[in-house]
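Please work through the following exercises with the sequence and the model at hand, and try each task before reading its solution.

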Amino acid sequence: MAEKTRTPIGKIVGASLIGTTIEWYDFFLYGSAAALIFPKLFFPESEPLVGTLLAFLTYAVGFVARPLGALVFGHYGDRLGRKKLLVLSLMLMGAATFLIGCLPTHTAIGVAAPLLLTALRLVQGFALGGEWGGAVLIVSEHGDAERRGFWASWPQAGAPGGNLLATAVLALLAAIQSDEAFLSWGWRIPFLLSGVLVLIGLWIRLTISESPVFQQAVANAEPAPSMPIVGVFRHHWRDVLIAIGARFAENVSYYVLTAFVLVYATTTAGLTKGVVLNAVLIGSAVHFVSIPMWGALSDRLGRRPVYLLGAAGVGLWAFAFFPLIDTRNFAAVTLAVTVGLVLHGAMYGPQAAFFSELFATRMRYSGVSIGSQLASIVAGGLAPLIAVALLDRYDSSLPVMLYVAGAAVLTLITVYVSRETRGRDLVTIGTRDETKTTR
């Protein structure tokens, strides 16, 4: 029986934002640690840059697991509902992150340490692969069409919110601890803190109602495909390709701006990790605020114009980003990161509503999850690895600039050839009613 109560949109947004912030905190904490800590603790016998590459390889493993999580969570989310799967994803992510904080290092157990680290990273990726689709859908399917871009952008703000929290905790510990203490035991604190945050997130998520759009589909006896993913590739394969292409520049630019920058600034530019962490901290705060603003703008102008602006912006800004880092001036470094993240927000803000408006209800969780997470493997997951490899091979930031610009061109082409989705009725997508109204 469908639930009779409907949670107010403000509480739905709050629950999704808090949950996604916690999950992204866990995920980004690993990325920052892979750049600054894990090479020394889990790959101590490698050369510094090689150790960083190996640490980022375990980082990329999380992205490989995300499509699997998208497939499993999407399948059951389309058949059972959004809420149950959101609770499960938060529990899995929190447990994996907490256990990373308990891991013995290479000094204690040798090669088993990086193997265990990789296994827990796989669990993180699996959980996040299921989290994103459910979080944006439960908001999109509660909110009204006129403000869907604004409401659905708030779970997106959980990404910079989580990065902000992870970077703030690491920056605080780096400031109050010696390097020896931080490497010895201080690095564990942010991972163990995840256990407390997850309990808070679970309590909030358990109090919200199921998506009314999903409940209506069940009440109308709309059949759920036995394998929703098969239905996605049969009826929405073009939309999957659009989601993948649209995410390419968004993913590549974000991980260059927030993960690779930690490596580049502390090695090539010679900055201290505290300076870079503070710059990312400020940039993430501005990013957090800008995402809902871009989402609201997409409600007025459309998803495509705002998204195209963001893709073109990050492609061009890449050529200013690294020269600003090379100045070694804190204000210039902060400007580089902040402007890059604001331009990224022009893609990330409308993205949740844009992708939600592509797929039918009983295939929507699978569609948005698979489309977004397939891109995460070749885009976000490989971005730090490719950037580090390019820097190592050419000893120049120019190839990395061209890499980001190339990703932007791919996204510009994809979004340009897609159709505008603003205001589309989520209930009728893929039904005969929609076919009648669009003739």
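Three exercises with worked solutions follow.

This is a predicted model, in which local features need pLDDT of at least 70 and side-chain atom pairs count only at pLDDT 80 or more, while totals for chains, interfaces and linings use all residues. Residues are numbered from 1 along each chain as its sequence is written, and side-chain values use heavy atoms, with hydrogens and water left out.

**Exercise 1.** Describe the surroundings of Gln 156, starting from the helix in which this residue is found.

Solution. Begin with the location: Gln 156 belongs to helix α7, which covers residues 148-176 (helices are DSSP runs of H or I with at least four residues, numbered from the N terminus). Next, consider the accessibility: the relative accessible area of Gln 156 is 0%, so this residue is buried (buried means under 20% relative accessible area, exposed over 50%, and partly exposed in between, with a 1.4 Å probe and protein chains only). Then look for polar partners: the side chain of Gln 156 makes a polar contact of 2.7 Å with the side chain of Trp 132, and a polar atom of the Gln 156 side chain lies 2.9 Å from the backbone oxygen of Tyr 348. A polar contact here is a pair of N or O atoms within 3.5 Å; within protein, one must be able to donate a hydrogen and the other to accept it, and residues adjacent in sequence count only if both atoms are side-chain atoms.

**Exercise 2.** Which residue forms a salt bridge with Arg 364, and are the two partners buried or exposed?

Solution. The partner is Glu 141, with the closest N and O atoms 2.8 Å apart (a salt bridge is a side-chain nitrogen of Lys or Arg within 4 Å of a carboxyl oxygen of Asp or Glu). This pair links distant parts of the chain, since Arg 364 is in helix α16 (residues 361-381) and Glu 141 is in the loop between α6 (112-140) and α7, 223 residues apart. Turning to accessibility, Arg 364 is buried because its relative accessibility is 0%, and Glu 141 is buried as well, at 2%. Finally, Arg 364 and Glu 141 are linked with Asp 78 and Arg 82 in a network of salt bridges.

**Exercise 3.** Set out the salt bridges of Asp 144 and Asp 299, together with the accessibility of the residues involved.

Solution. Asp 144 meets Arg 147 in a salt bridge of 3.4 Å, N to O. Asp 144 counts as partly exposed because its relative accessibility is 26%, and Arg 147, at 45%, is partly exposed too. Asp 299 pairs with Arg 303, the closest N and O atoms being 2.9 Å apart, and both of these residues are buried.

Key:
Helices (H or I, at least four residues) and strands (E, at least two) are DSSP runs, numbered from the N terminus.
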